[in-house]
Structures are given as C-alpha cells and as structure tokens.
Amino acid sequence: MESRLRARRMVSCQAVPTASLDNDEKDVSVSGSAEADEEAKVGAKVKVKVALKVYHVPRVPEVDLTGVEGVIKQYVGIWKGKPISANLPYKVEFVKEIEGRGPVKFFAHLKDEELEFLA
C-alpha cells in the first residue's frame, strides 16, 4: 500500500551559458568599486550645509541641523553588493546639546548634496 502512495520526483538540470557569467562578473566588479568609494566615506566628519530640521528626536519638538557636525556611520545605497536607489543614503550620527536635557545622540539619513565633508 505504501509503494502506491509514494510520489515520484523528477529532477531537471539546466546548463547556464558562460557568456552570462562573464557579464555578471563585470557587474560585480563595477559595483564593488562603487561600494569601496562609498565605504571609504564611513567614519568621515561632515557638516550639514543646508537648512534642515528633523522632528524624530524623542521629547524634542524639532531640531535644527543647519551647520551641525556629525559622523557618517553607514552608507545604505548598497544592499547585498548591489546598488539600490536609496533617496537618503547616508546615515549620520549627531550629538547635539539640547537645553534642559544635555547632550542627545541621534541619527538622520541625508543626501550627499546636504553634506559638506570636513578634513
């Protein structure tokens, strides 16, 4: 009875042309160099050069980031080795003195055009 209930399984294999593998390898090397350029910016000190306010700091109605210095903590424009279209690709850590609370650490995602890289 058990032999009738067993399902037969078929396995099929397909060959992959070598030309497509060569193109994939080229794409990986190009994205790898772009990733290396952006990863080099992680840890860099930056300054916000545009008028910008954020509203996500807990117990503070708004924080003006114009002219505030921070540190790039992460570049999120590359995911699993492939470029993605992140609107705000730089995750920047700021420490700002808030009246009545002392120094407050928070993060904001920003564009390249909003940042000035400091030496």
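Let's start with strand E1, residues 45–48. Its side chains alternate. Val46 and Val48 point to one face, and both are buried. Lys45 and Lys47 point to the other face, and they are not buried. In general, side chains in a regular strand alternate between the two faces of the sheet. One caution before I go on: this is a predicted model.

Now, what does E1 pair with? On one hand there is strand E4, residues 69–75. The two run antiparallel, over three bridges. The bridge partner of Val46 in E4 is Gly70. E1 also pairs with strand E9, residues 115–117. That pairing is antiparallel too, again over three bridges. Here Lys47 has Glu116 as its bridge partner. Val48 stands opposite Leu115 in E9.

Next, E4. This strand also pairs with E7, which covers residues 90–98. The sense is antiparallel, and there are five bridges. Within that pair, Val71 of E4 stands opposite Glu93 of E7.

Let's put the sheet together. In what order do the five strands lie? The order is E8-E7-E4-E1-E9. The sheet is open, and the pairing is antiparallel. E8 and E9 are the edge strands, each pairing on one side only. From one strand to the next, the twist averages 40°. As a general reminder, strands of a sheet pair through backbone hydrogen bonds.

On to the core. The largest nonpolar core holds 21 residues. Which of them have the most contacts inside it? Val63, Leu65, Val92, Phe94, Phe106 and Leu110. Four elements each give two or more residues to this core: E1, E4, E7 and E8, the last being residues 102–110.

Take a look at Val63. Set aside its neighbours within four places in sequence. Val63 is then in contact with Leu52, Lys53, Val54 and Val57. Val63 also contacts Lys96, Ile98 and Phe106.

Now for Glu114. Find this residue in the loop between E8 and E9. Is Glu114 buried or exposed? Its relative accessibility is 14%, and the cut-off for buried is under 20%, so Glu114 counts as buried. Leaving out residues up to four places away in sequence, Glu114 touches Lys47, Val48, Lys49, Val50 and Leu52. Lys47 and Val48 belong to E1, the strand we began with. The Glu114 side chain also reaches the backbone nitrogen of Lys111, at 3.0 Å. One more distance: Glu114 and Thr66 are 48 residues apart in sequence. In space they are 9.6 Å apart, C-alpha to C-alpha.

Last, two backbone angles to check on screen. Arg59 has a phi near 60°, a positive value in a residue other than glycine. Arg59 lies in the loop between strand E2, 53–54, and strand E3, 63–64. Its relative accessibility is 74%, and exposed means over 50%, so Arg59 counts as exposed.

Lys80 is the second case. Lys80 is not a glycine, yet its phi is positive, at about 55°. Where does Lys80 lie? In the loop between strand E5, 78–79, and strand E6, 82–83. Lys80 is exposed, with a relative accessible area of 69%.

To recap: five strands in an open antiparallel sheet, a largest nonpolar core of 21 residues, and a buried Glu114 in the loop between E8 and E9.

Technical notes: Residues numbered from 1 in each chain as written. Predicted model: local features only at pLDDT ≥ 70, side-chain atom pairs only at ≥ 80, totals over all residues. Heavy atoms only, no water. Buried < 20%, exposed > 50% of the residue type's maximum accessible area, 1.4 Å probe, protein only. Pairing = 2+ DSSP bridges. Core = buried A, V, L, I, M, F, W, Y, C linked by side-chain atoms within 4.5 Å. Contact = heavy atoms within 4.5 Å. Axes fitted to C-alpha atoms, helices over the stretch in contact; angles between N-to-C directions. Polar contact = N/O pair within 3.5 Å; in protein donor to acceptor, adjacent residues only side chain to side chain.
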